[in-house]
Amino acid sequence: MNKNEKYEEPGVHMFFHKQTKEVEQVEKFVRSLSITIPAKYEDEIYKLYPTDIYYIETIDRRTYLYTASRVYESSENLLSLEKLLEAAGFIRVRKNCIINKYKLRSMMISKNSHIEAVLGNDEHIVVTRSYIAGIKEAFAR
């Protein structure tokens with residue numbers, strides 16, 4: 001880290017001996033930080049950063065983005081947002097839902113033997129069986 005008043009915007013420099021899978025992942029993640037997603041709240045359009053989004057779900061063909069305090073609507077479909085946000089740490093947990101793995105606080109088994117992802121905003125998201133391995137891997141990292 002190097003603070004310098006001459007820079008108006010933050011920047012990242014990477015130095016590496018060999019291009020590896022890990023280096024590529026870091027590069028994709030850093031690039032994903034500059035992504036913004038246009039989303040509607042009431043009658044206004046906002047630009048949301050991936051780091052502000054806890055999870056995204058589709059209900060009745062409408063896509064909703066959940067932050068700590070608001071629910072926004074996006075005109076994008078879930079699949080396109082999943083592809084766009086994969087490098088930012090978003091993973092699928094249900095057919096209609098992706099979560100930000102960096103907002104994942106814990107996992108628990110509910111009373112009916114389902115696994116739930118507990119996010120930093122205390123939201124509980126049910127993980128369907130076909131996506132359990134992916135979320136366990138994400139939680140372990």
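**Exercise 1. Describe how strand 8 and strand 9 are paired, and find the sheet to which they belong.**

Solution. Begin with the pairing itself: strand 8 and strand 9 run antiparallel to each other and are joined by five bridges, where two strands count as paired if DSSP finds at least two bridges between them. Strands here are DSSP runs of type E with at least two residues, helices are runs of type H or I with at least four residues, and both are numbered from the N terminus. Before going on, note that this is a predicted model, in which local features need pLDDT of at least 70 and side-chain atom pairs count only at pLDDT 80 or more, while totals for chains, interfaces and linings use all residues. Residues are numbered from 1 along each chain as its sequence is written, and side-chain values use heavy atoms, with hydrogens and water left out.

Next, look at a single position, where S106 faces V118 of strand 9. The two strands make a hairpin with five residues between them, and in its turn S113 has a positive phi of about 65°.

Then widen the view to the open sheet, which has three strands in the order 8-9-10 with antiparallel pairing. Strand 8 (104–109) and strand 10 (124–127) are the edge strands, since each pairs on one side only. From one strand to the next, the twist averages 30°; for such angles, axes are lines fitted to C-alpha atoms, for helices over the stretch in contact, and the angles run from 0 to 180 degrees between N-to-C directions.

**Exercise 2. Follow the sheet to strand 10, and state which helix packs on the sheet.**

Solution. Strand 9 (residues 115–119) pairs with strand 10 through four bridges, again in the antiparallel sense. Within this pair, A117 stands across from I125 of strand 10. Helix 3 (residues 132–140) packs on the sheet and touches strand 8, strand 9 and strand 10, and its direction makes about 135° with that of strand 8; a contact here means heavy atoms within 4.5 Å.

**Exercise 3. Decide how strand 6 is covered and which strand it pairs with.**

Solution. For the cover, use the classes of relative accessible area: buried means under 20%, exposed over 50%, and partly exposed in between, with a 1.4 Å probe and protein chains only. Strand 6 (residues 90–94) is mostly covered, as five of its five residues are buried.

For the pairing, four bridges join strand 6 to strand 7 (residues 97–100), and the two run antiparallel. One bridge partner in strand 7 is I99, which belongs with I91, and the two strands form a hairpin with two residues between them.

**Exercise 4. Find three of the four salt bridges and say what each one ties together.**

Solution. Side chains of opposite charge can pair when their charged atoms come close. The criterion for a salt bridge is a side-chain nitrogen of Lys or Arg within 4 Å of a carboxyl oxygen of Asp or Glu, and a search of the whole structure finds four.

- E57 and R94 meet in a salt bridge at 3.1 Å, N to O. Because E57 lies in strand 3 (residues 55–59) and R94 in strand 6, the pair ties together parts that are 37 residues apart in sequence. Both E57 and R94 are buried.
- E73 and R62 have their closest N and O atoms 3.0 Å apart. E73 lies in strand 5 (residues 71–74) and R62 in strand 4 (residues 62–66), so this salt bridge ties together parts that are 11 residues apart in sequence. E73 counts as partly exposed at 26% relative accessibility, and R62 counts as partly exposed at 43%.
- E82 and R92 form a salt bridge whose closest N and O atoms are 2.7 Å apart. E82 lies in helix 2 (residues 78–85) and R92 in strand 6, so the pair ties together parts that are 10 residues apart in sequence. Both E82 and R92 are buried.

**Exercise 5. Summarise the protein chain as a whole.**

Solution. Count the elements to begin with: the protein chain has three helices and 10 strands, in the pattern α-β-β-β-β-β-α-β-β-β-β-β-α along the sequence. Its C-alpha atoms fill a box of roughly 55 × 40 × 25 Å, taken along the principal axes. Finally, consider the cover, where buried residues make up 32% of the 141 residues.
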